[in-house]
Amino acid sequence: TLDSHPIETAIRRRKTRPVKVGNITIGGGYPVVVQSMINEDTMDVEGSVAAIRRLHEIGCEIVRVTVPSLSHAKTLGDIKQRLIDTYQDVPLVADVHHNGMKIALEVAKHVDKVRINPGLYVFEKPKADGGEYTQAEFDQIGDKIRATLEPLVVSLREQGKAMRIGVNHGSLAERMLFTYGDTPEGMVESALEFIKICESLDFRNIVISLKASRVPVMIAAYRLMVRRMDQLGMDYPLHLGVTEAGDGEYGRIKSTAGIGTLLADGIGDTIRVSLTEAPEKEIPVCYSILQALGLRKTMVEYVACPSCGRTLFNLEEVLHRVREATQHLTGLDIAVMGCIVNGPGEMADADYGYVGKQPGYISLYRGREEIKKVPESQGVEELIDLIKADGRWIDP
Ligand code: SF4
């Protein structure tokens, strides 16, 4: 029966190997890491340092930058040093958009992780007739990729740094497209080809991503990757994201649908929400997804009823006031419920409750226990006093 087999509500995360990126660890049972990317030109040292710092201060644990040229790669050395001198050693990832190894090798000296896109390692001319690749042709190109990638893998291995193999649905290499089509399978095989090269060079500080702008494609790709890795005995952590999610409400919902679905399955060790907005806007979305799933608790959890004909006060306004007064009290769960008919039962074991009692009066709860009835006009102040009396208040 259900009673003798209680249903597990906590998410069981897939076991992955720990991959160190500076002073942060991705995978290995560590909390899901939040990351984002600055928009500044990497040649602008002061601007980049300020942007990295702004993101890091609001909870972005790993910051990504782009390196379109060798001079950008060299400049990253100055950025890293300036961060250490004026702030702290923030874990940095460089996005290398070329298959040219010069840039990657230079940047590997300055950052903690290098992201490469297998789709850019293209050595073949497009097949004009759309014909298939023979196994020999396929393998020959694989050998060229290996030869190109090897110095970077060796450099990262020797420095104890990490690599992200970041496959994008929109930029699969030609021969993967011909062989597997524009499919999750093509994405997964593309990642596996690169993983195998790394493993043959005894390098395993790898994180994998398989991003797509269509949520069902992205979800299918990550699920297939996990299945294939399980078959092959691989335990690499996964970086989750929905690319080109857009902006506003729909961008957030789209990211949450993709990232949240996988996290709920226990898949995912680091996340990035990509919004067409300032990167600072991405961080609270990441933390909200993680908190909603019970994976990380970094904010007060508010439980509030939707209000209905029984509601005894202006719920939206009171919730706003309670939030303003208490949002710095990380770790607490606070419920605001419109009436006592369903309120106390539905407070979901909140630490404190603010519940409509009768017109003009509310009741304050500690857990399931009703503590006192107070006039609604004093409700928020009395709630604060109760939290203070319990020794759980800290000044904002
Ligand atoms: Fe309505 Fe009361 Fe339920 Fe809120 S708690 S939705 S006011 S019945």
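In this predicted model, helices α10 and α11 meet through Val318, Arg321, Val322 and Ala325 on the α10 side and through Gly379, Val380, Leu383 and Ile384 on the α11 side. Sorted by class, that contact comes out as six nonpolar residues, one polar and one charged. Helix α10 covers residues 315-326 and helix α11 covers residues 379-389. Their axes come within 10 Å and cross at roughly 35°, and the crossing of α10 and α11 is right-handed.

Turning to the overall layout, the domain assignment splits the protein chain into domain 1, residues 19-292, and domain 2, residues 301-389. Between the C-alpha centres of domain 1 and domain 2 there is a distance of 44 Å.

A second helix pair is α6, made up of residues 184-200, and α7, made up of residues 215-232. Here the axes sit 9 Å apart and the packing angle is about 45°, so α6 and α7 count as oblique to each other. As α6 passes α7, the crossing is right-handed. On α6, the residues in the contact are Pro184, Glu185, Met187, Val188, Ala191 and Leu192; their partners on α7 are Val217, Ala220, Ala221, Leu224, Met225 and Arg228. This contact of α6 with α7 holds ten nonpolar residues and two charged ones, with no polar residues in the mix.

Then there is the ligand. The residues around the ligand include a run of names from Cys305, Pro306, Ser307 and Cys308 to Arg310 and Thr311. Also around the ligand are Met337, Gly338, Cys339, Val341, Asn342 and Gly343. By class, the ligand shell breaks down into six nonpolar, five polar and one charged residues.

Terms used
Residues are numbered from 1 along each chain as its sequence is written. This is a predicted model: local features need pLDDT of at least 70, side-chain atom pairs count only at pLDDT 80 or more; totals for chains, interfaces and linings use all residues. Domain bounds come from an automatic or database domain assignment. A residue is near a molecule or strand if its C-beta atom, placed from the backbone, lies within 6 Å of it. Ala, Val, Leu, Ile, Met, Phe, Trp, Tyr, Cys and Pro count as nonpolar, Asp, Glu, Lys and Arg as charged, and the others, Gly among them, as polar. Axes are lines fitted to C-alpha atoms, for helices over the stretch in contact, and angles run from 0 to 180 degrees between N-to-C directions. Helices (H or I, at least four residues) and strands (E, at least two) are DSSP runs, numbered from the N terminus. Angles under 35 degrees count as roughly parallel, over 145 as roughly antiparallel, 65 to 115 as roughly perpendicular and the rest as oblique. A crossing is left-handed if the near helix is turned anticlockwise from the far one by less than a right angle, and right-handed if clockwise. Two residues are in contact if their C-beta atoms, placed from the backbone, lie within 7 Å.
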